[in-house]
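Q: Before we get into the details, can we go through the labels on this one and see what each of them rests on?

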Amino acid sequence: MRVFALALTLLAFAAPAQASYTPTQALAVLTVATLPTCNAANRGLHYLVTDALTPVVLAAVVGGGAVVVPVVCNGSTWIVG
């Protein structure tokens, strides 16, 4: 009887089936010069830039290079990330 109760308990807590993830929106691709103003209203926006110059993660992005990196607006500055 205990084995049966344990089996029912385990079935009740079975993990749901894995959901597949399909991205629905790609990041827009811009140059650093064409990024919108980074301010409180745009905080959290993400883009890809195609002309980063020696990018460093979490540092302000600088244009003039040829590196493609994601950037995010932190409320005041576009940072690499």
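A: Sure. Let's begin with strand pairing: two strands pair if DSSP finds at least two bridges between them. This is a predicted model, by the way.

Q: So what makes β1 and β2 a pair?
A: Two bridges join β1 to β2, and at least two are needed, so they count as paired. The two strands run parallel, and V29 stands opposite L48 in β2.

Q: How do you know that β3 pairs with β2 and with β4?
A: Same check. β2 and β3 share five bridges, β3 and β4 share three, and the cut-off is at least two, so each is a pair. Both pairings are antiparallel. For examples, V49 has V69 in β3 as its bridge partner, and C73 has W78 in β4.

Q: Why is the pairing in the sheet called mixed?
A: The sheet is open, with four strands in the order β1-β2-β3-β4 and mixed pairing. β1 and β2 run parallel, while β2 and β3 are antiparallel.

Q: What makes β1 and β4 edge strands?
A: Each has a single partner strand, so one side of β1 (29-30) and one side of β4 are left without a neighbour in the sheet. Along the sequence, the whole protein reads α-β-β-β-β, that is, one helix and four strands.

Q: Why are Y47 and W78 called an edge-to-face pair?
A: Their ring centres are 5.6 Å apart, and the limit for a pair is within 6.5 Å. The planes sit at 65°, and over 60 counts as edge-to-face, so the label fits. The structure holds one aromatic pair, and this is the one.

Q: What does that aromatic pair tie together?
A: Y47 lies in β2 (residues 46-52) and W78 in β4 (residues 78-80), so the pair links parts that are 31 residues apart in sequence.

Q: How do you know whether Y47 and W78 are buried or exposed?
A: Buried means under 20% relative accessible area. Y47 comes in at 17% and W78 at 9%, so both count as buried. Across the protein, 20% of the 81 residues get that label.

Q: And A33, is that buried or exposed?
A: Exposed: its relative accessible area is 73%, and the cut-off is over 50%. A33 lies in the loop between β1 and β2. Its C-alpha atom is 9.2 Å from that of G64, 31 residues apart along the chain.

Q: What makes a group of residues a nonpolar core, and which residues form the largest one here?
A: The members must be buried nonpolar residues joined through side-chain atoms within 4.5 Å. The largest nonpolar core has 12 residues, including Y47, V49, V69, C73, W78 and V80. β2, β3 (67-73) and β4 each supply at least two residues of this core. As background, nonpolar side chains tend to be buried together in soluble globular proteins.

Q: Which residues does V80 touch, leaving aside neighbours within four places in sequence?
A: P55, V56, V57, L58, A59, V61, V69, P70 and V71.

Q: Where should I be careful with the coordinates?
A: Residues 3-12: pLDDT stays under 50 there, and the model has zero contacts for them beyond four places in sequence. Where pLDDT is low, predicted coordinates should not be read in detail. For the protein, the mean pLDDT is 84, and 70% of its residues reach 70 or more.

Notes. Residues are numbered from 1 along each chain as its sequence is written. This is a predicted model: local features need pLDDT of at least 70, side-chain atom pairs count only at pLDDT 80 or more; totals for chains, interfaces and linings use all residues. Side-chain values use heavy atoms; hydrogens and water are left out. Rings of Phe, Tyr and Trp (its six-membered ring) pair if their centres lie within 6.5 Å; planes under 30 degrees apart count as stacked, over 60 as edge-to-face and the rest as tilted. Buried means under 20% relative accessible area, exposed over 50%, partly exposed in between (1.4 Å probe, protein chains only). Contact means heavy atoms within 4.5 Å. pLDDT is the predictor's confidence in each residue, from 0 to 100.
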